[in-house]
Amino acid sequence: MYWVSVVTEAGVIAILALGLDVVWGWTGDFDLAFYGYLALGSYFTFVLSIGKPVPPVQYIIGWRLPVLAAIALAVVAVVCVAAVVGAIALRNLRGIYFAITTLGAVSALYLLVENYTPLFNGYNGVYGLINPGQSALNLTYDGYRIAFLVVVLVLLLLAYLLVQRLSRSPFGRMLRSVREDERAAAAYGRPVFSAKYRAYLFGAALAGLAGGLFAIFISAFNTGAWSPQELLVVYAAILVGGRGNPRGVIVGVFVVYIGFIELTRYLPSPASRPEFGPALRQVLIGLMLVLMLKFRPEGIFRERPGVDRGPRPAGRPLPGRIGALPSLIAARAGGGPAQARAASASAGDARSAGLGRDGAPEGTGCEDGGSG
Amino acid sequence: MTTFLVTVGVGLATAAILALSAVAFTLQYAVSRVVNFAHGEFLTIGAYVAYSTQAAFHQNVAVGAVVAAAAGAAAGLVLNIAVIERFRGRTAITVLIATLGVALIAENVLEMIYGAANVSYGYPQGGLHHVGPFLWTTSDIEVIVAALAVAGLIYLLLQRTRFGKAIRAVSQDRALAQVSGIPARRIILQTWILAGAVAGFAGFALADTVGTFGPLLGFNFLLLTITATVAGGLGRPYGTLGGALIVGLVIQIAGTYTDSAYELVFAFLLLVVLMLFRPNGVFVRRSAVAVRA
């Protein structure tokens, strides 16, 4: 049963990481508030499903919905919060400014939740969601936990398929073009803000879902569960697996959460100093983060460039007056059709470079665009 | 009115420590353009090394301060050589993530050495003094005087010495400074040492003022430092002093009139608002529309 719980946790975190990778890996925004969305998803799942608070416990809402409905509503609530945060933060802030602002926002939220008890019962947190639906499904405790693991893995697979599909879609390629060079993407008519915004909401929805599953997984949730350090481990996992590559992200999470954290669980701690082993593990995670960034920023699995399955863009005339431009230039210059073709081809190349990463130099995928 | 003035007095003491930490942060940013999320660890290291050695130096506050500054300087030197120089040419956000990793490492190494439990200095806080309308402890006064002295020294350093001139040149344009014969790399390294020293001293002052501290002392102070720095304008040492004053007063006044548990909530909301409306600081008229790192 121990391993069931370990794999379940890794599965839930992998869903979170897929969402985070859409924001960080595809659009290049280093968001330190992201763990807050998991926390909110978790809190909302609790307060929507565990019924009225019994004093001295205090929290908002206090409905007794079926847990699936609670998770669905929690995802909606998280997306609403992300809609506000994203609308404010993504408009103008980029690079380090975005990172600092999101850290400020999540820290304010964290302290508010910790100190304002009527919201989510302060630092004591909410609890009481123990295997919801176990008796209705007629399962033993262990049977329920195994069934829950299967549900988590199925949801992870679905999330992976969705993200993978999105990654290869024109939308995914547009996001990467925005990441590589925001101005160039805007110049080619990509709606930069709207693209980033939609990606942000999608990522937050996955985080909310992960939060709901996390609620069932740990059955109690308080501020101790989402300090900023937790998110750093997820970033390290994405970096190890391969940023921008959904399969790499999942592998990274499983490597870091199962391989790394479980193996280091057996680090020696002197009896008088129980915190020694866990602290050493954090040191190793920090080292892994720095060393990966330095020596292999693309991770185990390199991000795969988007493939355009349509006709070669070079052969397709651009619409409207821009499309007519190459021949106009050729006509002005008095050149023949060959020159016009060459001009058209170079315009097409520039366009495809702006769309996918076909022409981008190796390794740039791991640096952030728009931070010059 | 008395409550208000006492509050302002406490706010000034907070602002003094904040000013030390933020000036170090901003000087270092000015020359190397690195947002150092491991900056808080300079404070923590300074505080802990002074803690380890206090018995050896017979509880002498001045020696403690010097030891803390030296430890911070050493940390600045090591971080610059071991990490920052090796990440040269990488994007600002990559370096930021790397320093975040370093912060995680440093914080937990300290926890492995000193344990997670809080420790405290044995220095006497001294009695309360009425200074004008304010009410301060002896150590409050020491911290305020020290902060003013450090600010004055940094002003003289920047304006009157060759080193200061080089710092200003490098912070304006590293490449141009380099071709003008200024050894930019050495200047940056020296600035990191200086920033580490000031931050280590700030850590000592902070630890002494709050009483007990743990391995998260500096990291918890980091965001406050960044808030003060942003309020004054990233990379502007003089503006930062004003920024620290604003943030110190805001958290004390807001905390006193609501609940001290929320004072940091106000500070961080202030940070978000500043980022959105005055990302270049409150002392700059013109505010860029699109901020790029």
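Which loop of chain A holds A:Pro56? Keep that in mind while you get your bearings; what you have open is a predicted model.

**Stop 1: chain A as a whole**

Colour chain A by secondary structure and you'll see 15 helices and two strands. Now shade by burial: of its 372 residues, 45% count as buried. If you draw contacts between residues at least 6 apart in sequence, 76% of those in chain A link residues at least 24 apart.

**Stop 2: the proline pair**

Select A:Pro55 and A:Pro56, and look at the peptide bond running from the one to the other: it is cis, with omega near 5 degrees. As for the opening question, A:Pro56 sits in the loop between helix H2 (34–49) and H3 of chain A. Most peptide bonds are trans, which is why a cis one deserves a stop.

**Stop 3: H3 against H10**

Follow the chain into H3(A), residues 67–92, then add H10(A), residues 192–218. These two helices pack at an angle of about 145 degrees, and their axes are 8 Å apart. The crossing of H3(A) past H10(A) is right-handed. Colour the residues of this helix contact by class and you get 18 nonpolar, four polar and two charged.

**Stop 4: two positive phi values**

Slide off the end of H10(A) to A:Ser219, which is in the loop between H10 and strand E2 (220–221) of chain A. Its phi is positive, about 60 degrees, although A:Ser219 is not a glycine. Is this residue exposed, partly exposed or buried? A:Ser219 is partly exposed, because 16 other C-beta atoms lie within 10 Å, and burial would take 20 or more.

Next, jump to A:Asn138, in the loop between helix H6 (134–137) and helix H7 (141–168) of chain A. Here too is a positive phi in a residue other than glycine, this one near 60 degrees. A:Asn138 has 8 C-beta neighbours inside 10 Å, so it counts as exposed. As background, most residues other than glycine have a negative phi.

**Stop 5: chain B as a whole**

Switch to chain B, with its 11 helices and four strands. The radius of gyration of chain B is 19 Å, close to the 19 Å from the globule rule for 293 residues, so this chain is as compact as a globular protein of that length. Turn the C-alpha trace of chain B along its principal axes and it spans about 55 × 45 × 35 Å. Buried residues account for 54% of the 293 in chain B. Of the contacts in chain B between residues at least 6 apart in sequence, 73% join residues at least 24 apart.

**Stop 6: where the chains meet**

Show both chains and pick out the contact, which takes 41 residues from chain B and 41 residues from chain A. On chain B, helices H4 (92–114), H9 (217–232) and H11 (263–277) each supply at least two residues to the side touching chain A. H4(B) gives the largest share of that side, 15 residues. By class, the side of chain B that touches chain A has 32 nonpolar, five polar and four charged residues.

**Stop 7: the core**

Finish with the largest nonpolar core, 209 residues in all. Those with the most contacts inside it include A:Leu16, A:Ala17, B:Ala19, B:Leu20 and B:Val198. Helix H1 of chain B, residues 2–32, gives the most to this core, with 17 residues. Centre on B:Val198: leaving aside neighbours within four places in sequence, B:Val198 is in contact with B:Leu20, B:Val23, B:Ala24 and B:Val150.

Notes. Residues are numbered from 1 along each chain as its sequence is written. Chains are lettered from A and ligands numbered from 1 in the order in which they are written. This is a predicted model: local features need pLDDT of at least 70, side-chain atom pairs count only at pLDDT 80 or more; totals for chains, interfaces and linings use all residues. Two residues are in contact if their C-beta atoms, placed from the backbone, lie within 7 Å. Ala, Val, Leu, Ile, Met, Phe, Trp, Tyr, Cys and Pro count as nonpolar, Asp, Glu, Lys and Arg as charged, and the others, Gly among them, as polar. A residue is buried if 20 or more other C-beta atoms lie within 10 Å of its own, exposed if 12 or fewer, and partly exposed in between; C-beta atoms are placed from the backbone. The radius of gyration is taken over C-alpha atoms; the globule rule is 2.2 Å times the number of residues to the power 0.38. A nonpolar core is a set of buried Ala, Val, Leu, Ile, Met, Phe, Trp, Tyr and Cys residues joined through C-beta atoms within 7 Å. Axes are lines fitted to C-alpha atoms, for helices over the stretch in contact, and angles run from 0 to 180 degrees between N-to-C directions. A crossing is left-handed if the near helix is turned anticlockwise from the far one by less than a right angle, and right-handed if clockwise.
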